[in-house]
Amino acid sequence: MTTILHIDSSARSGISGEDAYGSHTRRLSARFVERWRQARPDSRIVYRDVGQNPPAPVSGRWIHAAFTPPEAREPWMNEVLRESDALVDELIAADIIVAGVPMYNFAPPAQFKAYIDNIVRVGRTFGFDRSRAGKPYWPMLADADKRLLIVSARGDYGYDSGQADYANHVEASVRTAFAYIGITDVQSIAAEYDEFGGERLQQSLAEAESAVARVADEWLAQTA
């Protein structure tokens, strides 16, 4: 049975096309999950809305706790890491991660950055050993056969290979963080022209939805 971790990080609570001022990334991430569920109704779907319920940002106490060996942690350290542990557990249990990550000022929303900071955990998703030959860091999920789909939305256009690709720090930063912990099988899809509206936005959304369906069908075929 496939487990999908469905993450939304948009500050908008609704879905575009259904709700006034709804989110395009919520629309795209939901389309993937809906298509998968139609084909594999027995799949397990775990939903995490970090846009509406963001994880606590990393603090000095969090860092102190995370870098203290588990056997040496004081009770308060386990409490500080409780939310992070839950997020890491969800990630480890997932076969597929579908992440809705809109572009806010050229980068992921702060809510999603807080999520990343909570799942990139020493001893849980990456290893660290000062005495290790070569790099002291290594990804702990490299052999877990996980896949990540990033669905994004942008107000302007040309952020993939055009006038503004140099300013796109969404997919690159998300790919880098997930690759660091060992998740490198990644696809990304984005809708553009949100600030323009009209036919260009609708065409971009239609193309993004088709791409989402295509990725879902490809992954379904590979897990048959």
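Is Arg-27 buried or exposed? Select Arg-27 to begin, keeping in mind throughout the tour that this is a predicted model. The residue belongs to helix α1, which covers residues 24-39, and its relative accessible area is 12%, so Arg-27 counts as buried, the cut-off being under 20%. If residues up to four places away in sequence are set aside, Arg-27 touches Ile-15, Ser-16, Gly-17, Leu-205 and Glu-209.

**Helix α1 against helix α7**

Extend the selection from Arg-27 to the whole of α1 (residues 24-39), and add α7, residues 198-222. The two helices pack at an angle of about 35°, with their axes 9 Å apart, and α1 passes α7 in a right-handed crossing. On the α1 side, show the side chains of His-24, Arg-27, Leu-28, Arg-31, Phe-32, Arg-35, Trp-36 and Ala-39; the residues they meet in α7 include Leu-201, Leu-205, Ala-208, Glu-209, Val-212, Asp-217, Trp-219 and Leu-220. Colouring this contact by residue type would divide it into 13 nonpolar, one polar and five charged residues.

While Trp-36 is displayed, add Arg-40, whose charged end sits over the ring of Trp-36 at 5.9 Å from the ring centre.

**The aromatic pairs**

Next, show the rings of the aromatic residues, among which the structure holds ten pairs. Start with Tyr-137 and Tyr-180, whose ring centres are 6.2 Å apart and whose planes meet at 50°, so this pair is tilted. Tyr-137 lies in strand β5 (residues 137-139) and Tyr-180 in helix α6 (residues 171-180), so the pair ties together parts that are 43 residues apart in sequence. With the surface switched on, Tyr-137 is partly exposed at 41% relative accessibility, and Tyr-180 is likewise partly exposed, with a relative accessible area of 34%.

Then move to Tyr-157 and Tyr-193, where the ring centres are 4.8 Å apart and the planes lie at 15°, so the pair is stacked. This pair too links distant parts of the chain, with Tyr-157 in the loop between β6 (147-153) and α6, and Tyr-193 in the loop between β7 (185-191) and α7, 36 residues apart. Tyr-157 has a relative accessible area of 28% and is partly exposed.

To return to the tilted pair in its wider setting, select Phe-126 and Phe-128 together with Tyr-137 and Tyr-180, as ring pairs link these four residues into a cluster.

**Backbone angles in two loops**

Most residues other than glycine have a negative phi. Stay with Tyr-193 and inspect its backbone, where phi is positive, at about 70°, although the residue is not a glycine. Then select Asn-105, in the loop between β3 and α5, where phi is near 55°, again a positive value in a residue other than glycine. Asn-105 counts as exposed, at 71% relative accessibility.

**Helix α5**

How many of the ten residues of helix α5 are buried? Select residues 110-119 to see the helix: seven of the ten are buried, so α5 is largely enclosed by the rest of the structure. The buried residues are Gln-111, Phe-112, Ala-114, Tyr-115, Ile-116, Asn-118 and Ile-119. Displaying the surroundings brings in the elements against which they pack, namely β1 (3-8), α2 (60-66), α4 (82-93), β3 (96-100) and α6.

**Three distances to draw**

Finish with three distances between C-alpha atoms. For the first, select Gly-162, in the loop between β6 and α6, which is partly exposed with a relative accessible area of 37%; its C-alpha atom is separated by 31 Å from that of Glu-34, 128 residues apart from it along the chain.

For the next, select Ala-20, in the loop between β1 and α1, an exposed residue with a relative accessible area of 67%. The C-alpha atoms of Ala-20 and Gln-38 are separated by 26 Å, and the two residues are 18 residues apart along the chain.

For the last, select Pro-69, in the loop between α2 and α3 (75-80), where the relative accessible area is 41% and the residue is partly exposed. Between the C-alpha atoms of Pro-69 and Ser-9, 60 residues apart along the chain, the separation is 31 Å.

Conventions
Residues are numbered from 1 along each chain as its sequence is written. This is a predicted model: local features need pLDDT of at least 70, side-chain atom pairs count only at pLDDT 80 or more; totals for chains, interfaces and linings use all residues. Side-chain values use heavy atoms; hydrogens and water are left out. Rings of Phe, Tyr and Trp (its six-membered ring) pair if their centres lie within 6.5 Å; planes under 30 degrees apart count as stacked, over 60 as edge-to-face and the rest as tilted. Helices (H or I, at least four residues) and strands (E, at least two) are DSSP runs, numbered from the N terminus. Buried means under 20% relative accessible area, exposed over 50%, partly exposed in between (1.4 Å probe, protein chains only). A charge sits over a ring if NZ of Lys or CZ of Arg is within 6 Å of the ring centre and within 35 degrees of the ring normal. Contact means heavy atoms within 4.5 Å. Axes are lines fitted to C-alpha atoms, for helices over the stretch in contact, and angles run from 0 to 180 degrees between N-to-C directions. A crossing is left-handed if the near helix is turned anticlockwise from the far one by less than a right angle, and right-handed if clockwise. Ala, Val, Leu, Ile, Met, Phe, Trp, Tyr, Cys and Pro count as nonpolar, Asp, Glu, Lys and Arg as charged, and the others, Gly among them, as polar.
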